[in-house]
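Please work through the following exercises with the sequence and the model at hand.

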Amino acid sequence: MLRLPVLASALVCGASSELPAYDPEVICAAVAGGAARQELIMRGCLDFQERTRKEIALAWDKLPAPVQESCTKAAQVTGDYWKLKNCIDREAPIAVHAPGH
């Protein structure tokens with residue numbers, strides 16, 4: 001019976017938050033605006049956001065929880081995967097090299 005609480009505790013402590021889900025169409029529509037090549041800009045932006053999301057997803061579970069939380073908060077206003085990645089790039093090396101890690 002002692003094993004179950006230990007296992008449950010390990011699962012809770014080891015669980016990381018999920019990668020935030022943003023709607024890239026919102027930010028890409030703002031970027032494309034009324035440009036003459038709006039459709040081309042929109043497609044390029046959506047492609048960029050998706051590639052960035054996939055790159056983040058590959059590393060997300062390996063990031064320290066404080067980095068996940070801080071960067072999720074930093075990017076939630078804009079819903080921009082690029083902003084999320086920039087935050088991770090800034091904060092992750094600090095968290096990895098911080099004392100005690």
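The exercises below treat the fold, one helix and one residue.

This is a predicted model, in which local features need pLDDT of at least 70, side-chain atom pairs count only at pLDDT 80 or more, and totals for chains, interfaces and linings use all residues. Residues are numbered from 1 along each chain as its sequence is written, and side-chain values use heavy atoms, with hydrogens and water left out.

**Exercise 1.** Determine the pattern that the protein follows along the sequence.

Solution. Helices (H or I, at least four residues) and strands (E, at least two) are taken as DSSP runs, numbered from the N terminus. The protein has five helices and zero strands. The pattern is therefore α-α-α-α-α.

**Exercise 2.** Establish where the buried residues of H3 lie around the axis.

Solution. First, list the buried residues (under 20% relative accessible area, 1.4 Å probe, protein chains only; exposed is over 50%, partly exposed in between). In H3 these are Met 42, Cys 45, Gln 49, Thr 52 and Ile 56. Next, consider the arc, taken from the directions from the helix axis to the C-beta atoms. The buried residues cover an arc of only 100°, which puts them on the same side of H3. Finally, Glu 39 and Leu 58 are exposed on the other side of H3.

**Exercise 3.** Describe the surroundings of Tyr 81, which lies in helix H5 (residues 81–97).

Solution. Tyr 81 counts as buried because its relative accessibility is 3%. Contact means heavy atoms within 4.5 Å. Beyond its neighbours within four places in sequence, Tyr 81 is in contact with several residues, including Pro 20, Tyr 22, Gln 49, Thr 52 and Ile 56. Lastly, the side chain of Tyr 81 reaches the backbone nitrogen of Tyr 22 at 2.9 Å.

Methods
A polar contact is a pair of N or O atoms within 3.5 Å; within protein, one must be able to donate a hydrogen and the other to accept it, and residues adjacent in sequence count only if both atoms are side-chain atoms.
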